[in-house]
Structure formats: C-alpha cells, structure tokens
Amino acid sequence: MSDSEVKQQVRNFYDQIGWRMESDGFYQNARYEDLRPVAKEYIEKCHLRINKHLVRPGKYLLDAGSGPIQYPAYLSYMEGYQYRLCMDISIVALQEARKRIGDRGLFVVGDIANLPFKSNIFDGIVSLHTLHHLPIPDQKNAYKDLYRVLLPGKNAVLVNGWTESKLMIKWSWLPKSIERFKKFAMKFRGIKKDNQSEKIDTKVVEINKSKLPTGTFIEKLTADRLYKELPELKFDIYVWRSISVPFLRAVFHRALGGKFWLKMLYALEENYPEYFGKNGQYPLIVVHK
Ligand SMILES: C[S@@+](CC[C@H](N)C(=O)[O-])C[C@H]1O[C@@H](n2cnc3c(N)ncnc32)[C@H](O)[C@@H]1O
C-alpha cells in the first residue's frame with residue numbers, strides 16, 4: 001500500500017467506524033481500552049501523566065491526531081493554554097472535538113507528517129496513539145515536523161505502544177495461570193458456561209506482538225529503533241502505562257483485589273518511570289526543544 005492509500009484507509013476507518021458513537025455512550029475506538037470500573041482510576045491517572053511534562057502557560061497547544069478528545073482527562077491538557085489546535089485526518093473526529101472544547105479549539109483537517117504550520121509556533125504538543133498509524137518513514141517525518149513547529153524551551157509529549165514489551169513477555173505466565181485457576185474454580189463449583197465479561201484472555205503474548213487485526217493500519221517501533229531512526233532528536237522516554245490492555249483485563253479483577261494491585265503498579269511506575277517506559281507496553285516520549 002502506498003502512503004496515500006494508508007492515509008485514506010485510516011481516514012475512512014475513523015470517519016466511518018472508529019468515531020462512531022456506540023449505544024453504551026463510548027466511541028467504537030474505546031473498545032481497545034479497558035473500561036471496567038476496576039481499571040478506571042489507574043487509567044485516568046496514567047492519562048494525567050501527560051500534564052507533568054507540558055511547559056505552561058502558553059498560547060497554542062497542538063493536539064496532533066486529537067480524535068474527539070474522547071476521555072475527560074484529555075481536557076486537562078489544555079489547562080494553561082489559550083487555544084488547543086486539534087489536528088486530525090478525520091473530519092468526524094474534529095466535529096466531535098468541537099462539541100467538547102468549542103471556542104477554545106481550532107480545528108484543522110490534515111496529516112501530522114506534513115504540518116501546514118510555520119516553525120516555532122506551538123507552546124506545547126500532545127499526540128496520543130496516532131504516530132503508529134503512519135508507515136515508519138512517515139513517522140520519522142512526523143517526529144521531525146512536530147519538532148519543527150515546537151517553540152524552543154517547550155516540550156512535545158507523545159504516547160504510542162511499542163512493537164512488543166519485554167515486561168509483558170516476561171509476565172505472560174500470569175494471565176495464563178489466572179485462566180487455569182479460574183477454570184479450576186469454576187469446575188470445582190460446578191459452573192459450566194464461561195461468563196464472557198469475565199473471560200480471561202490468554203492470548204496476551206500474541207496480542208502483545210501486535211499481530212491481531214487492529215481495525216486499520218498500524219506500525220509500531222521499539223525503543224532501540226526509535227533511538228536509531230532519530231539520532232538528532234533530543235527526547236526522554238518515561239512510562240505512560242506499562243501493561244497492555246489484554247494483560248490488564250486478564251490479570252486485574254475486582255474479586256482479586258485488582259484496584260489495590262493497580263495502585264501498587266502505579267506507585268512502582270512512578271518510582272521507576274524510565275525502566276517501565278522502555279520495557280513496558282506504552283511509553284511517554286518527551287521531545288525537548
Ligand atoms: C487511536 S486514535 C487516537 C485519538 C486520540 N489522540 C486519543 O488518544 O483518543 C488516532 C487518531 O489519529 C488520527 N490520524 C491517523 N493518522 C493521521 C495522520 N496521518 N494525520 C492526522 N491524524 C491522523 C485518526 O483519524 C484518529 O483520530
């Protein structure tokens with residue numbers, strides 16, 4: 001597929017499917033997230049990690065691949081900025097984003113690998129789960145272009161998953177053991193049919209290798225490759241979330257003290273952000289200019 005075909009496919013996907021509102025009040029895209037109450041606090045605290053790295057106050061915050069600003073925590077990124085410029089290849093995303101931020105938003109349909117802005121203009125940049133929709137050469141262009149439009153002294157905060165996570169591979173025995181334990185407990189209690197909502201996903205390793213259909217084009221990087229591809233860029237890698245969604249769903253359950261264990265995990269990530277950023281599933285990449 002050529003670059004423009006990839007972008008067309010991604011745009012169609014988000015216009016027609018990803019940003020379609022489902023009957024539960026969430027966008028279709030939110031089905032890739034763990035929406036269970038047990039995970040809510042952990043997920044929200046991870047979303048808020050972005051705020052630590054934004055340099056405030058400022059006039060313009062660029063949200064590159066903003067989507068519809070789908071989670072309440074995402075609204076906090078614009079605190080301290082006058083305007084949030086939402087840029088997305090999907091017009092549906094921007095129509096939805098406008099409903100949330102109204103007059104404080106500026107909305108541009110465009111490609112984040114070819115930014116139509118002059119250099120040194122944004123006081124802050126956020127981009128979550130978007131760069132991976134570009135083929136690697138184009139991702140490199142996007143990193144460079146985001147750097148170009150950032151004002152000196154400011155930061156761009158970028159979140160994407162790694163191709164695979166050493167931590168998730170190392171701990172892949174855990175969801176499998178929980179699944180075995182669950183099967184045993186159900187057999188013991190004479191329960192035959194599995195409850196879908198509590199079904200434990202043992203395919204965490206396979207999913208972690210990003211081989212499952214994701215809905216549209218995705219190409220991810222490893223930390224080593226990122227350093228290799230962008231030697232001239234000054235950036236740090238911290239943790240956004242160290243565990244994948246399948247792992248989260250499989251391992252953390254209310255009945256097994258999931259909320260407590262997620263608090264512990266969050267505390268660990270806070271203490272060792274660089275370790276969990278490089279080895280976990282989702283890094284938070286801070287580009288400095
Ligand atoms: C997974 S969604 C993430 C949206 C939002 N950042 C979030 O975290 O909820 C990816 C978004 O990136 C947009 N996108 C994908 N490729 C893009 C490109 N080349 N330029 C601009 N936006 C793009 C999609 O339309 C979609 O809205």
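In this predicted model, the second largest cavity holds about 50 Å³ of space, and the residues that line this cavity are V38, E41, Y42, K45, K259, L262, K263 and Y266. Two helices, α2 (37–48) and α10 (258–271), are the elements that each give two or more residues to this lining. When the lining of the second largest cavity is sorted by class, 4 residues are nonpolar and 4 are charged, while no polar residue is found there.

Empty space of this kind can be located in a general way, since rolling a probe the size of a water molecule over the atoms shows where such space is left. Applied to the whole structure, the search finds 2 cavities of 30 Å³ or more. The largest cavity contains about 70 Å³ of space, and its lining is formed by H132, Q139, Y143, N160, G161, W162, E219, K220, L221, L226, P283 and I285. At least two residues of this lining come from α4 (136–149), and at least two come from β7 (282–288). By class, the lining of the largest cavity is made up of 6 nonpolar, 4 polar and 2 charged residues, whereas the lining of the second largest cavity has no polar residues.

The surroundings of the ligand were examined next. The ligand is surrounded by 20 residues, of which the closest are G65, Q70, Y74, D88 and L128. Sorted by class, this shell consists of 8 nonpolar, 10 polar and 2 charged residues. Several side chains place polar atoms beside oxygen atoms of the ligand: for D88, a polar side-chain atom lies 2.5 Å from a ligand oxygen, for Q70, a side-chain N or O atom is 2.8 Å from a ligand oxygen, and for W19, the corresponding distance between a side-chain N or O atom and an oxygen of the ligand is 3.0 Å. On its own, the ligand has 590 Å² of accessible area, and the protein covers 97% of this area.

As for the overall form of the protein, the chain contains 11 helices and 7 strands, and its C-alpha trace spans about 65 × 40 × 40 Å along the principal axes. A compact globule of 289 residues would be expected to have a radius of gyration near 19 Å, and because the protein has a value of 19 Å, the two agree.

Terms used: Residues are numbered from 1 along each chain as its sequence is written. This is a predicted model: local features need pLDDT of at least 70, side-chain atom pairs count only at pLDDT 80 or more; totals for chains, interfaces and linings use all residues. Side-chain values use heavy atoms; hydrogens and water are left out. A residue is near a molecule or strand if one of its heavy atoms lies within 4 Å of it. A polar contact is a pair of N or O atoms within 3.5 Å; within protein, one must be able to donate a hydrogen and the other to accept it, and residues adjacent in sequence count only if both atoms are side-chain atoms. Accessible areas come from the Shrake-Rupley method with a 1.4 Å probe; for residues, only the protein chains shown count as cover. Ala, Val, Leu, Ile, Met, Phe, Trp, Tyr, Cys and Pro count as nonpolar, Asp, Glu, Lys and Arg as charged, and the others, Gly among them, as polar. On a 1 Å grid over the protein atoms alone, a cavity is a set of points where a 1.4 Å probe fits but cannot get out, and a pocket is an open set with protein on both sides within 12 Å along at least five of seven lines; lining residues have an atom within 4 Å of a point. Grid points are joined across faces, edges and corners, and a volume is the space filled by probe spheres set on the points. Helices (H or I, at least four residues) and strands (E, at least two) are DSSP runs, numbered from the N terminus. The radius of gyration is taken over C-alpha atoms; the globule rule is 2.2 Å times the number of residues to the power 0.38.
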